[in-house]
Amino acid sequence: MMMPEEVLELRPGEEVACKIRGWNGAVYGPWSDLIIITAISDTSSPGKPTDLSLAGIHEGLVASWANPVDRDLKHAFVYVSGSTIPVDGEGRVTGLEPAAAVDADYCVVGDLTAGATYYVRVEAVDNAGNRSVASDEDNVAIPSDVDIPGVYKVSGTQVVGARQSAISDAKTDYTTGDLDTEAEIIAALNATNGKINDILAALRSHGLIAT
């Protein structure tokens, strides 16, 4: 028995036979006559994505937005161009393929030219392939040079020592007599190697160097 608000996945033109009856919270009413329901194509477009925000990163950009509240939302098309992005008479992007299709409310786009300005729009797409009206357009300049500060922040997380403090911590000065035995030398090398690996791990985890 189907429950209220239950959705059946039917192909356009497919039929389903059913009966319905009421429920007053205590007892059920009588069944209705048999009803034949024919599925039709979904032609309703999702709502328009809003609150598009862009940030330029090294040779790329990060886009975020608010997806519409649609039950059958599948993904979002992200359009990126070096010039303003045209839309047709219904407000949908025309003449440009999406740079990405993501099932989220953010996207990272790479392989962009440093120093250039890029324009972005987003469309919501449902399971039937209906596209929404495009979001308002925004643009961002890709930085020509990225300076990594001593304390690097990614999404509010501080990576202390991504630069100077970690390098200073890895540095150790030895004088004559400090390392007299082979065991002391090996221990000192292992300690320095561990510090360097910690630095590399922190940089990799935040995308500052390749994994």
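Colleague: What does the accessible surface of the chain come to, and how much of it belongs to carbon and sulfur atoms?

Modeller: The total is about 14000 Å², and 52% of that belongs to carbon and sulfur atoms. Accessible areas come from the Shrake-Rupley method with a 1.4 Å probe, and for residues only the protein chains shown count as cover. Please keep in mind that this is a predicted model, where local features need pLDDT of at least 70, side-chain atom pairs count only at pLDDT 80 or more, and totals for chains, interfaces and linings use all residues. Residues are numbered from 1 along each chain as its sequence is written, and side-chain values use heavy atoms, leaving out hydrogens and water.

Colleague: Why is Ser 135 called buried?

Modeller: Buried means under 20% relative accessible area, exposed over 50%, and partly exposed in between (1.4 Å probe, protein chains only). Ser 135 has a relative accessible area of 2%, so it is buried. Buried residues make up 24% of the 211 residues in the chain.

Colleague: Where is Ser 135 found, and which residues does it touch?

Modeller: Ser 135 lies in the loop between β8 (117–126) and β9 (138–141). Leaving aside residues up to four places away in sequence, Ser 135 touches Lys 48, Pro 49, Leu 52, Arg 121 and Val 122. Contact means heavy atoms within 4.5 Å.

Colleague: Why does Ile 35 count as partly exposed?

Modeller: Ile 35 has 31% relative accessibility, which falls between the two limits, so it counts as partly exposed. Ile 35 is found in strand β2 (residues 35–38).

Colleague: What makes Ile 20, Ile 35 and Ile 37 a nonpolar patch?

Modeller: Patches are made of residues with over 30% relative accessible area and no salt bridge (a side-chain nitrogen of Lys or Arg within 4 Å of a carboxyl oxygen of Asp or Glu). Like charges are joined within 9 Å, and nonpolar side chains (Val, Leu, Ile, Met, Phe, Trp, Tyr) within 5 Å. At 31%, Ile 35 is over that 30% limit. Together the three have about 240 Å² of accessible area.

Colleague: How do you know that β4 and β7 pair?

Modeller: Two strands pair if DSSP finds at least two bridges between them. Four bridges join β4 (residues 60–66) to β7, so they pair, and they run antiparallel. Ser 64 stands opposite Tyr 106 in β7. Strands here are DSSP runs (E, at least two residues), as are helices (H or I, at least four), numbered from the N terminus.

Colleague: Why are β3 and β7 called edge strands?

Modeller: The open sheet has the order β3-β4-β7. β3 (50–57) and β7 (106–109) each pair on one side only.
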